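Colleague: Thanks for making time for this one. Could you walk me through how the labels on this model were earned?

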Amino acid sequence: MRLRRGEGLLLLLLLAGYGWLFVFFERINNPNELVRVYAARALAEEHTWSIGRREIRSGRFVDAGRIHSEWGYVNDKALACDVPGERPPRCTGRLFAAKAPAASLLGAPVLVVLRAFGPLKKTPAVFALRWVCVILPSAVFWILLRRWMLDSGVQENAALVSTLAGALGSLSLTYGQMFAGHQLAALALGAAFLCASWGSFRPFWVGFFCALAVALEYPSAPAAAILVAAALLRHRRGGLRLSLGALPWMLVLAQFHWSAFGAPWSTPYGHLENPAFVRDIAPGLMGISAPSWERIYGSLFSPWLGLFFWAPWTALALLAPRWLRRFDLVPVAVVAYYLVFQITHALWRSGWTVGPRYITPVAPFAAMSVALVVREAPRLLPMLRGLGAAAVATTGLASAVSQGFPLEVINPLREVVGPLLAHGYVPRNLLQWLGVPGLWSALPYFVALAAAIALILQRSAVAIAVAAAVIGMQWAAPPGDERGAVHFLAAQWEPDPPPGARPFMER
């Protein structure tokens, strides 16, 4: 891809933001990422979807197999019982990742190449999978999305602000650094939209990327349906080619479900081996039930999870129906679907997270929506600048120390982020490896955030005032009384403590 004017600096900011810090702590054993890594290794080394077996040893159920023996326990699995009629977890059988299969399938060739340099180790495998499958595609995608904005009549400064806010001031930043399905599904859905709405209509690739999104994350299906329906309504042709494009990934899904669970329609959700996860998704129909104020407040406004707390600029996407018409509203429809999904799903709390991670695809579609809104209503640009700058500052700092905070944390900024950075705790990076201590080793990352904020604000007095007010409110939100989370995260650090850090006192 040949870079255009102004894209070189944007690419550097994106690569520094997404890739400079290696936010990975092996002892935390994040199942959302690692179970996909286990499955990718199983495909690469053993040519099977199965990551091991559940066996009985000395009267106890244990997880066995080469990957488990070398890499240890991982959560978030599905169990296919050997004996028909038996149900997990009280049975023996094959273990699988309780996730849609596409991420692991895409990651397997990366591990095949990495294996040529020696036995697969967990940490290098995660590093390689993140860079090849997530970080580099994310940087390319945001550059392409900015080009679409410009070609859609969005002014250059508004396109840059929307791109930086979406890329570095949203869920995209946090989960664009993780080998999980959230960001990959966002990229696939975004690619499908671009193939349907930018330049010539490419129905094969619309189908391909929509099906890929579903094969990456099952909840992407309604969003993919919105994009397919909009494409066919807009162009009035291409249905057969679209179906042919979707076929490869539909076959992958069917083969995975059939080989693992006995039927093309049988998903991992029906075979969860962790009883707590079964209880979590039990309420409602497939985990969907009526929204409550707790879910609405927690998902959208709370400091521990809220989308509008961490990325307040996304709220401007809700203004789109006032100015936009017809197919310009397609990104807004995708945003609306994910917001409804978030506040109606039993797992709305999202576990350990920075923001509501299940709706990471909101980020690119909200960026599209606000860019189009500002195209029609330029007077909103200073507000977008201020909210976007605040989001980059807040999400950027949080993503510098963790990809998820324990559930007991009320205000992660004050309880975890501030204390860790004040003590010099930053994740592994190239300068730290070369011996540069403390926060100095993270300087390229912080410079990238600062440069993004400066480009967003552009000396606008209104934008600076809005950003200062929002950041002040974010940090002023009351913290909880418990301080165990920051000590726990510090104890998981690798290396422990990092060079130049001031260790926390024992509690």
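Colleague: What makes E156 and R5 a salt bridge?

Modeller: This is a predicted model, and in it the side chains of E156 and R5 come to 3.3 Å, N to O. The rule asks for a side-chain nitrogen of Lys or Arg within 4 Å of a carboxyl oxygen of Asp or Glu, so the pair is called a salt bridge. By that rule the count comes to 22 salt bridges.

Colleague: Which parts of the chain does the E156 and R5 pair link?

Modeller: Distant ones: E156 belongs to helix 6 (residues 156–168), while R5 sits in the segment before helix 1 (7–19), and the two are 151 residues apart.

Colleague: On to the sheet. How do you know that strand 1 and strand 2 pair?

Modeller: Pairing needs at least two bridges between the strands. Strand 1 (residues 52–57) and strand 2 share 5 bridges in the antiparallel sense, so they qualify. You can pick out I56, whose bridge partner in strand 2 is F61, and R57, which stands opposite R60 in strand 2. The two strands form a hairpin with 2 residues between them. In that turn, S58 has a positive phi of about 55°.

Colleague: What is the strand order, and why is one side of strand 2 and of strand 3 left without a neighbour?

Modeller: The open sheet has 4 strands in the order 2-1-4-3, with antiparallel pairing. Strand 2 (60–64) and strand 3 (77–81) stand at the edges and have a single partner strand each, so one side of each lacks a neighbour in the sheet. From one strand to the next, the twist averages 35°.

Colleague: Which helix lies across strand 3 and strand 4?

Modeller: Helix 11 (residues 239–261) does, running at about 150° to strand 4 (93–97).

Colleague: Now the empty space. Why is the largest cavity called a cavity and not a pocket?

Modeller: The test is whether a 1.4 Å probe fits but cannot get out; the space was classed as a cavity, so the probe has no way out of it. About 70 Å³ lies in the largest cavity, and 5 cavities of 30 Å³ or more are counted. Its lining is F193, A196, S197, L227, A230, A231, R234, F327 and V330. Helix 8 and helix 10 (221–235) are the elements that give two or more residues to that lining, and helix 10 gives the most, with 4. By class, the lining has 7 nonpolar, 1 polar and 1 charged residues.

Colleague: How many charged residues are in the lining of the second largest cavity?

Modeller: There are 2 charged, along with 6 nonpolar and 1 polar. That cavity has a volume of about 50 Å³, and its lining includes R36, W49, K99 and F256.

Colleague: And what makes the lining of the second largest pocket nonpolar or charged?

Modeller: Ala, Leu, Phe and Pro are among the types that count as nonpolar. The lining divides into 18 nonpolar, no polar and no charged residues, so nonpolar is the right word for it. P137, L187, A188, A191 and F209 lie nearest the centre of this pocket, whose volume is about 340 Å³. Helix 5 (122–151), helix 8 (181–197) and helix 9 (203–216) each supply at least two lining residues. Helix 8 gives the most, with 6.

Conventions
Residues are numbered from 1 along each chain as its sequence is written. This is a predicted model: local features need pLDDT of at least 70, side-chain atom pairs count only at pLDDT 80 or more; totals for chains, interfaces and linings use all residues. Side-chain values use heavy atoms; hydrogens and water are left out. On a 1 Å grid over the protein atoms alone, a cavity is a set of points where a 1.4 Å probe fits but cannot get out, and a pocket is an open set with protein on both sides within 12 Å along at least five of seven lines; lining residues have an atom within 4 Å of a point. Grid points are joined across faces, edges and corners, and a volume is the space filled by probe spheres set on the points. Axes are lines fitted to C-alpha atoms, for helices over the stretch in contact, and angles run from 0 to 180 degrees between N-to-C directions. Contact means heavy atoms within 4.5 Å.
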